[in-house]
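This report describes a metal site and the sheet that accompanies it. The sequence and structure are shown first.

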Amino acid sequence: MTDAHCHLYYLLQHNQDAERDRCRFIVPCVASAWNPEDFRCHEEASRNAPEDARLLLGFGVHPQLPAHGGPDTTISLETMEQLASEHRLDAVGETGFDLYDAWFRESEPEQDRIFARHIEIAHEHGLPLVIHVRRALHKIFAASAYLKKLPAVIFHSWPGTPGDGDSLLKRGINAFFSFGNALVCNHKQAIRSAALLPLHRILLETDAPYQPRRDCSYSYWTDLPVLGELLVQLRRENTDFSGSADDMTTIIDSNFFRAFTGTNHTG
Ligand SMILES: [Zn+2]
């Protein structure tokens, strides 16, 4: 199985199981960092990852960062630019927009500026862009002319409707829609989108450790098979998909490598 979005550094910080399993249970994943320290941890883990478990490296200014003030946003942005120029990234992001509440909305002009810069860097280096978006899909649509120039755009925890996703695809964006434990936690919109968006556009993620199921304190790679089974059930009920859980894993893994490496390589 593959994990389109996790925060390995924080996962290792926050739970002992992950630390113990660090080497023997690692799935091909994209580890997203937003400060130099977590990136260094991911880069080291990537070097030590078993051959069949590629750990791809993402870096971006998280859209919640500007609301916190202080130097973090500048450090994060400069680090992203530097890592891209040194060809140390597999993906730019997560970045995007968080307009969830008034506190986040205050930093909207800064989120605009930072998002534009991420698009430029992704374009310049031919890298996929990972997007976090909350209550701000209109801003993604507004940027679609730029987004369609990128090799791929991955929406982590896709918050939109199937119709929203289809319109982004119709605008020529090579978009992928990633789903995590929102499916297990019965989020109606996530469930509808996972059930109905084109299957070759769907990814699964843990957002580990930040998206736990209701009975857990953190999310982890062991959630992936559960998500896979759920997706099989949703597609069987809503589409002509009639495959097995293994078929679904093959499809999701192939989507993962297409989204992040532009190839069908699944090794
Ligand atoms: Zn995340």
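In sequence, the residues that donate to the zinc ion follow the spacing H-x1-H-x86-E-x112-D. H5 belongs to strand β1, whereas D207 sits in the loop between β8 and α11 (223-238), so this pair ties together parts 202 residues apart in sequence. The model is predicted, with local features requiring pLDDT of at least 70 and side-chain atom pairs pLDDT 80 or more, while totals for chains, interfaces and linings use all residues. Residues are numbered from 1 along each chain as its sequence is written, and side-chain values use heavy atoms, without hydrogens and water.

Coordination distances run from 2.2 to 2.5 Å; donors are N, O and S atoms within 2.8 Å of the metal (3.2 Å for Na, K and Ca), and water is not among the atoms, so sites may look incomplete.

| Residue | Donor atom |
|---|---|
| H5 | NE2 |
| H7 | NE2 |
| E94 | OE |
| D207 | OD |

The angles among the four donor atoms span 77 to 164°, and the site is irregular; four donors count as tetrahedral if all angles lie between 85 and 135 degrees, or as square planar if opposite donors are over 155 degrees apart and all others between 65 and 115. Both H5 and D207 are buried (under 20% relative accessible area, 1.4 Å probe, protein chains only).

Eight strands form an open sheet in the order β1-β2-β3-β4-β5-β6-β7-β8, with parallel pairing (at least two DSSP bridges between two strands; strands are DSSP E runs of at least two residues, numbered from the N terminus). At the edges stand β1 (3-6) and β8 (202-204), each with a single partner strand, so one side of each lacks a neighbour in the sheet.

Conventions. Helix = DSSP H or I, 4+ residues; strand = E, 2+ residues; numbered from the N terminus. Tetrahedral: all angles 85-135°; square planar, octahedral: opposite > 155°, others 65-115°. Buried < 20%, exposed > 50% of the residue type's maximum accessible area, 1.4 Å probe, protein only.
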